[in-house]
Amino acid sequence: MKKQITEYMEFIESELKRLDNSREKDLDELAKLNQQMIEDFRHERFVHLIITLFFALMAIVWFIVTLGLMWMGPSEYVGTYMVILLGVLTLLFLVVDAFYIRHYYFLENNIQKLYGYNEKIYSLKTKE
């Protein structure tokens, strides 16, 4: 997804330079394309938000379970190794969530840049 957004942003910048003094029809087509790409990337951002929240919730749940089992101490059913494994599982969820947060941050910032391209397209249309 990062590659797609980066390539699209390079494309839209080159098109804006090329269409600086062009026909309104070309600018309309570019505006429609940009709006469609914004919608696609917004959908991707929403999916990543849901996944990020899911992993954060799972990390919190497993952290609470691990703390509860540590507080109770080893028993006949839950040994020390089980608590260690749950701690590792919690850590795994936190690491995966950190990567999802990083990717979500990238998506959010670049979608905001695409909104700026919409403004540039409309300013070029009104300049004519």
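Here's a quick briefing on the overall build of this protein and on four of its residues. Keep in mind that the model is predicted. The protein has three helices and zero strands, so reading along the sequence just gives you α-α-α. It isn't a ball either: the radius of gyration is 23 Å, where a compact globule of 128 residues would come in near 14 Å.

**Overall shape and packing**

- Along its principal axes, the C-alpha trace of the protein spans about 80 × 20 × 15 Å.
- Buried residues account for 30% of the 128 in the protein.
- Take the contacts between residues at least 6 apart in sequence, and 83% of them turn out to join residues at least 24 apart.

**Surface and charge**

- About 8800 Å² of the protein is exposed, with carbon and sulfur atoms supplying 66% of that area.
- On the charge side, there are 14 positive and 17 negative side chains.
- The centres of those two charge sets lie 4 Å apart.

**Asparagine 118: a polar side chain with a partner**

- You'll find asparagine 118 in helix H3, which covers residues 80-127.
- Its relative accessible area is 8%, so asparagine 118 counts as buried, the cut-off being under 20%.
- The side chain of asparagine 118 makes a polar contact of 2.9 Å with the side chain of glutamine 35.
- Setting aside neighbours within four places in sequence, asparagine 118 is in contact with Ala31, Asn34, Gln35 and Ile38.

**Histidine 103: elsewhere on H3**

- Histidine 103 sits in helix H3 as well.
- With a relative accessible area of 14%, histidine 103 is buried, because that value falls under 20%.
- Leaving out residues up to four places away in sequence, histidine 103 touches Met1, Lys2 and His48.

**Phenylalanine 11: on H1**

- Helix H1, residues 2-18, is home to phenylalanine 11.
- Phenylalanine 11 has 34% relative accessibility, so it lands in the partly exposed class, between the 20% and 50% cut-offs.
- Residues up to four places away in sequence aside, phenylalanine 11 touches Leu30 and Leu33.
- Phenylalanine 11 and leucine 124 are 113 residues apart along the chain, and their C-alpha atoms are separated by 17 Å.

**Glycine 73: in the loop**

- Glycine 73 lies in the loop between helix H2 (24-72) and H3.
- Is this loop glycine buried or exposed? Glycine 73 is buried, because its relative accessible area of 16% is under the 20% cut-off.
- From glycine 73 to isoleucine 101 it's 28 residues in sequence and 34 Å in space, C-alpha to C-alpha.

Technical notes. Residues numbered from 1 in each chain as written. Predicted model: local features only at pLDDT ≥ 70, side-chain atom pairs only at ≥ 80, totals over all residues. Heavy atoms only, no water. Helix = DSSP H or I, 4+ residues; strand = E, 2+ residues; numbered from the N terminus. Rg over C-alpha atoms; globule rule 2.2 N^0.38 Å. Buried < 20%, exposed > 50% of the residue type's maximum accessible area, 1.4 Å probe, protein only. Contact = heavy atoms within 4.5 Å. Areas by Shrake-Rupley, 256 points an atom, 1.4 Å probe, with all protein chains shown as cover. Lys, Arg positive; Asp, Glu negative; His and termini not counted. Charge placed at Lys NZ, Arg CZ, Asp CG, Glu CD. Polar contact = N/O pair within 3.5 Å; in protein donor to acceptor, adjacent residues only side chain to side chain.
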